[in-house]
Amino acid sequence: MPVSEAQKKASVKYLEKLDEVRIRMPKGHKATIQAHAEARGESVNGFINRAISETMERDSGAPVAAEEG
């Protein structure tokens, strides 16, 4: 099914609000992360964002605003 122009425009508008970070990890680690996130009903992106936020909060002792996703 082709994507409508309205959907394309909405996707571009949404993505403009986000930063991208590319990470590298040892082979096989990605599958482990995917399985962990899936077992908890999370997306990989959501899990990684939560892990980062929780670690930063723990390290600094202050709450860090987290975006879902």
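In what order do the elements of the chain run from the N terminus on? They run α-α-α.

**Figure 1. Overview of the predicted chain.** The model is predicted. The chain holds three helices and zero strands. Its mean pLDDT is 91. Of its residues, 88% reach 70 or more. Confidence is highest in helix 2 (residues 29-39), with a mean of 97. It is lowest in helix 3 (residues 44-60), with a mean of 95.

**Figure 2. Surface of the chain.** The accessible surface comes to about 6500 Å². Carbon and sulfur atoms account for 55% of that area. How much of the chain is buried? Buried residues make up 7% of the 69 residues.

**Figure 3. A salt bridge within helix 1.** Glutamate 5 and lysine 8 join through their side chains, with an N to O distance of 3.4 Å. Both residues belong to helix 1 (residues 5-15). They are three residues apart, about one turn of the helix. An α-helix has 3.6 residues a turn, so residues three or four places apart point the same way. Glutamate 5 is exposed, at 58% relative accessibility. Lysine 8 is partly exposed, at 41%. By the rule used, the count of salt bridges comes to four.

**Figure 4. The salt bridge between arginine 50 and glutamate 54.** The closest N and O atoms of this pair are 3.3 Å apart. Why can the two side chains meet along helix 3? Arginine 50 and glutamate 54 are four residues apart in this helix, so about one helical turn separates them. Both residues keep part of their surface accessible. Glutamate 54 has a relative accessible area of 43% and counts as partly exposed. Arginine 50 is also partly exposed, at 29%.

**Figure 5. Arginine 58 with aspartate 59, and a salt-bridge network.** The side chains of arginine 58 and aspartate 59 form a salt bridge, 3.6 Å from N to O. Are these two partners buried or exposed? Arginine 58 is exposed, with a relative accessible area of 61%. Aspartate 59 is exposed as well, at 59%. Elsewhere, salt bridges with shared partners link Glu42, Arg50 and Glu54 into one network.

**Figure 6. A nonpolar surface patch.** Which residues form this patch? They are Tyr14, Leu15 and Leu18. Together they have about 320 Å² of accessible area. Leucine 18 sits in the loop between helix 1 and helix 2. Its relative accessibility is 43%, so leucine 18 counts as partly exposed.

**Figure 7. Helix 3 and its buried face.** Helix 3 has 17 residues. From its first C-alpha to its last, this helix reaches 24 Å. That is close to the 24 Å expected at 1.5 Å a residue. Which residues of helix 3 are buried? Gly46, Phe47 and Ser53 are. Viewed down the helix axis, the buried residues fall within an arc of 135 degrees, so they line one face of helix 3. Arginine 50 and glutamate 54, in this helix too, are partly exposed, at 29% and 43%.

Conventions:
Residues are numbered from 1 along each chain as its sequence is written. This is a predicted model: local features need pLDDT of at least 70, side-chain atom pairs count only at pLDDT 80 or more; totals for chains, interfaces and linings use all residues. Side-chain values use heavy atoms; hydrogens and water are left out. pLDDT is the predictor's confidence in each residue, from 0 to 100. Buried means under 20% relative accessible area, exposed over 50%, partly exposed in between (1.4 Å probe, protein chains only). Accessible areas come from the Shrake-Rupley method with a 1.4 Å probe; for residues, only the protein chains shown count as cover. Patches are made of residues with over 30% relative accessible area and no salt bridge: like charges are joined within 9 Å, nonpolar side chains (Val, Leu, Ile, Met, Phe, Trp, Tyr) within 5 Å. The expected span of a helix is 1.5 Å times one less than its number of residues. The arc is that of the directions from the helix axis to the C-beta atoms.
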